[in-house]
Amino acid sequence: MKVIQTWDDGIVSDIRLIEVLRRHQAKATFCLNPGLYQENRSFGWIHENREVWRLSIHELVDVYNDFEICSHSMTHPYLTDHSADHLHWELQSSRHILENIFQKPVLGFCYPFNTYNDFVKDAVRSAGYKWARGNQHQEIVYPPIDPLEFHPCCHFLDQDFWGKYDRQKERNGVFFFWGHSYELTDETMWENFEMRIGGISSDPEVEWAFVADLFV
Ligand SMILES: [Zn+2]
């Protein structure tokens with residue numbers, strides 16, 4: 001079985017998440033909004049009474065070195081509210097800026113707020129993306145009917161995480177989970193997360209993969 005994971009928004013707590021991933025040689029994909037990073041770290045929003053801060057533009061290369069990068073649009077809007085011209089900017093510019101920053105192709109997209117329709121999906125396809133994360137949780141996710149709607153199996157905090165993992169393993173499928181590092185709000189959650197990543201890495205029947213490896 002292949003295991004893939006995607007993490008959204010490019011925030012300061014990704015640094016700690018990546019430390020965990022590196023300790024266990026886990027691959028992961030990070031979904032970034034290049035229109036929102038500033039010269040310095042910047043305040044984003046409040047989650048469960050805690051401030052969420054975005055990374056600075058200058059940190060991105062060091063923080064995400066060796067991980068897969070996908071676009072999460074320029075500015076994280078509801079893409080379904082926008083014209084074709086604005087969509088073009090959100091999709092094309094974000095891809096070009098990320099490719100320039102990381103000096104590698106950006107093949108994937110993650111819809112902000114997991115919101116899209118056929119018009120948005122077509123715009124993502126014409127912008128040259130090879131895959132995009134879908135907005136439903138499905139038991140069997142690969143191969144998807146449309147790679148521009150590649151649904152995950154579950155959120156990383158799903159109560160049935162290991163049940164879904166085991167069922168994919170039985171059929172040697174793909175297990176795909178997603179989340180945001182800011183959802184890890186206390187030390188117990190971080191410990192549980194590390195046990196989860198360590199458990200996957202030590203499973204001899206499993207290998208971590210980047211999403212693009214499944215579609216290119
Ligand atoms: Zn997001």
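Hi everyone, let's start with the pockets: the largest one holds about 210 Å³ of space. Keep in mind that this is a predicted model.

So what lines the largest pocket? Going along the chain, there are Phe 156, Leu 157, Asp 158, Gln 159 and Trp 162, then Leu 184, and finally Met 189, Asn 192, Phe 193, Met 195 and Arg 196. Helix α6, residues 187-201, supplies the largest share of that lining, with five residues. By class, you get seven nonpolar, two polar and two charged residues.

On to the second largest pocket, with a volume of about 160 Å³. Here the main contributor is strand β4, residues 50-54, which gives four residues to the lining. Among the other lining residues are Ile 11, Ser 13, Arg 16, His 47, Tyr 182 and Trp 190. Leu 184 is part of this lining, and Leu 184 also lines the largest pocket. The class count for the second largest pocket is six nonpolar, three polar and three charged.

Now, my favourite part, the zinc ion. Which protein atoms act as its donors? They are OD of Asp 9, NE2 of His 72 and NE2 of His 76, at 2.1 to 2.2 Å from the zinc ion. Along the chain, the spacing of these donors reads D-x62-H-x3-H. Asp 9 sits in the loop between β1 (2-8) and α1 (14-23), and His 76 in the loop between β5 (68-71) and α3 (84-102), so this pair ties together parts that are 67 residues apart in sequence.

Are those two donors buried or exposed? Asp 9 is buried, at 6% relative accessible area, and His 76 is buried too, at 17%.

Thanks, everyone!

Terms used. Residues numbered from 1 in each chain as written. Predicted model: local features only at pLDDT ≥ 70, side-chain atom pairs only at ≥ 80, totals over all residues. Heavy atoms only, no water. 1 Å grid on protein atoms, 1.4 Å probe; cavity = no way out; pocket = protein on both sides within 12 Å on 5 of 7 lines; lining within 4 Å. Points joined across faces, edges and corners; volume = space filled by probe spheres on them. Helix = DSSP H or I, 4+ residues; strand = E, 2+ residues; numbered from the N terminus. Nonpolar A, V, L, I, M, F, W, Y, C, P; charged D, E, K, R; others polar. Donors = N, O, S within 2.8 Å, 3.2 Å for Na, K, Ca; no water. Buried < 20%, exposed > 50% of the residue type's maximum accessible area, 1.4 Å probe, protein only.
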